[in-house]
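Okay, thanks everyone, I'll keep this short. Let's get the structure up on the screen and walk through it together.

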Amino acid sequence: MFPNSSNLGRPPFPPKHLQQNNFLNKVPLSIRPVLSHQQIINAHVNFQNAMASLGGNLATTLVRTPQPLTYGNGSPLNTSAPSPTFRGKKRLSEQSVPYDVKRQRYRSPRRETPVVNQAVPSPEESACLFSGSSPLFNVCYVPDLSIRIPRLQDISFLDVTETTLPVAKDKLSQQVLELFQACQQQTCDLNRKELCRSELQREIQRIFPCSRLFLVGSSLNGFGTRTSDGDLCLVVKEEPVNQKTEARHILSLVQKLFSTKLSNYIERPQLIRAKVPIVKFRDKVSCVEFDLNVNNIVGIRNTFLLRTYAYVEKRVRPLVLVVKKWASFHDINDASRGTLSSYSLVLMVLHYLQTLPEPILPSLQKNYPESFDPTMQLHLVHQAPCTIPPYLSKNESSLGELLIGFFKYYATEFDWSHQMISVREAKAIPRPDDVEWRNKYICVEEPFDRTNTARAVHEKQKFDTIKEEFFKSWQILRDKKDLSFVLPLRATIQRR
């Protein structure tokens, strides 16, 4: 969702007269923020041409003998059993991944080296940005040769150094740490998602030549698990896109592409007409579920903000992963069913760690405003995690103590009726008196566009259930000091 700049006072894009070589190219100021009728026709023509030149006779293609599961260029990839049909719940794990692989420490010397390294599109992938004109927008792009789009291996937060994990000195802390080590996303998981992204970008650029496809969300923000879905952001132009009209139309073309030309390895493409519309689909090669949006650029920015929080303090990632697994087990981690999204849960954990008497996390946006400038060019956003030093907190609480404190904070201390969770401010702040926040049960501020990430919780029954789960888990952990009383560890590890 794009920010409403009149409400926020901090538009994500500077006024046109202040723009200086934003995005990847010098775009003429005459570009309109909406698609004209002719531009829509051109996009349809591009789609038909792509089908004719690359797909051949679709009717003939559909009756061919099924081929081995590979992408369009024959990229080989091991597959696992298909995941269950999507019913609004999170995808179950791939049963073919060995358990001992997940036990490896993050960045362990035994870990495999990434073989796919282009989550940030490479110069080769973005070659269309530097030549010709865009049939979609009918404008000619002028290259700026000083700009280089980095490859993933150039991003220093993915180097092969050992990441220090906290020492567990009590049973509960040890359980948290072991669950984290078993369930955290591995390099092979990221590689599968990245390979799909690069193949889809190549195909989508046949319809929208100057578009780019970004891998965002938990896959890159440091809080991913073995079963995390993939989130993709298709960026088609610099200006905000009308999510009710433009985005839906563009996604309808993408859905048509997926269900025809790419049907050999993309299945169940569904256009979900939400506030931020998406195409939800499953990649049969990697067996990963994906959500693809159009120009939800705030998702790219918050991916690297969260990535920085994830690695600035060694207790953050284990705590977040356990909270996400706990919420999923108790059925309060599904925004499509009126409960909390994983993004909201992450922000809630970060907020709690910021508000301790001796904070474990600062406000990175306050301490390093230049690194998290909402107008920063997209090809520079990934550099933020490389420039922020570790945060040295005097708080020596264990993982177990922090987990109990997290549940206690939201069960007994946080004022749900009058306060808003703000990671940007590193404190609970009064709710604004406008329609975005009025009469909402849970208010969690998005750090960049300042909207409510917990707006899906719109029923009192669901809100009461969420509060009850926090209260019960706090009481149990306070008395038992054993994670298995609120989360079945063996079953959780088996599901990854």
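**Helices, a sheet and a few odd spots**

I'll start with a helix contact: L200, E203 and I204 in α6 meet V254, L257 and F258 in α7. Sort those by class and you get five nonpolar residues, no polar ones and one charged. Before I go on, a reminder that this is a predicted model.

So how do α6 and α7 cross? Their axes come within 11 Å, at roughly 110°. That makes α6 roughly perpendicular to α7, since angles from 65 to 115 degrees go in that bin.

Stepping back for the overview: the protein chain has 15 helices and nine strands. It runs to 496 residues, and 58% of them are buried. If you take the contacts with a separation of 6 or more, 74% of them are between residues 24 or more positions apart.

Now the sheet. In what order do the five strands sit? Reading across, you have β3-β4-β7-β6-β5, in an open sheet with mixed pairing. β3, at 212–216, and β5, at 266–272, are the edge strands, so to speak: each of them pairs on one side only. From one strand to the next, the twist averages 25°.

Both of the helices I opened with pack on this sheet. α6, residues 187–204, touches β3, β4, β5, β6 and β7, and its direction makes about 160° with that of β3. α7, residues 246–259, touches β4, β5, β6 and β7, and its direction makes about 165° with that of β5.

Let's zoom in on the β3 edge. β3 and β4, residues 230–235, run antiparallel, with five bridges joining them. If you want landmarks on screen, V216 stands opposite D231 in β4, and L213 has L234 as its bridge partner in β4.

Here's the bit I like. β3 is an edge strand, and yet is it buried or exposed? Five of its five residues are buried, so β3 is largely enclosed by the rest of the structure. As a rule, side chains in a regular strand alternate between the two faces of the sheet. In β3, R212, F214 and V216 point one way, L213 and L215 point the other way, and all are buried. Note that R212 is in that buried set too.

Over at the other edge, β5 and β6 pair in the antiparallel sense, over five bridges. The connection is a hairpin, with five residues between β5 and β6. For a landmark there, look at L271, whose bridge partner in β6 is V279.

Back to α6 for a second, because E199 deserves a look: E199 sits in that helix, and its relative accessibility is 4%, so it counts as buried. Which residue from far off in sequence should you look for beside it? Try Y71: the two are 128 residues apart in sequence, but their C-alphas are 6.9 Å apart in space.

Moving along the chain, there's another helix pair to compare. α9, residues 316–329, packs with α13, residues 399–413, at an angle of about 50°, and the axes are 10 Å apart. So α9 and α13 are oblique to each other, and their crossing is right-handed. On the α9 side the contact involves P318, L319, V322, V323 and W326, and on the α13 side L399, L402, L403, F406 and F407. By class, that contact comes out as 10 nonpolar residues, no polar and no charged. Remember that α6 with α7 had one charged residue.

Last stop, backbone oddities. Where do we find positive phi outside glycine? One case is A426, with a phi of about 60°. A426 lies in the loop between β8, residues 419–422, and β9, residues 427–430. Is A426 buried or exposed? Its relative accessible area is 19%, so A426 counts as buried, given that the cut-off is under 20%.

The other one to look at is R450, which isn't a glycine either and has a positive phi near 60°. You'll find R450 in the loop between β9 and α14, the helix at 460–480.

That's my tour. Happy to rotate the view to whichever part you'd like to see again.

Note on methods: Residues numbered from 1 in each chain as written. Predicted model: local features only at pLDDT ≥ 70, side-chain atom pairs only at ≥ 80, totals over all residues. Heavy atoms only, no water. Axes fitted to C-alpha atoms, helices over the stretch in contact; angles between N-to-C directions. Helix = DSSP H or I, 4+ residues; strand = E, 2+ residues; numbered from the N terminus. Parallel < 35°, antiparallel > 145°, perpendicular 65-115°, else oblique. Left-handed = near helix turned anticlockwise from the far one by under 90°. Contact = heavy atoms within 4.5 Å. Nonpolar A, V, L, I, M, F, W, Y, C, P; charged D, E, K, R; others polar. Pairing = 2+ DSSP bridges. Buried < 20%, exposed > 50% of the residue type's maximum accessible area, 1.4 Å probe, protein only.
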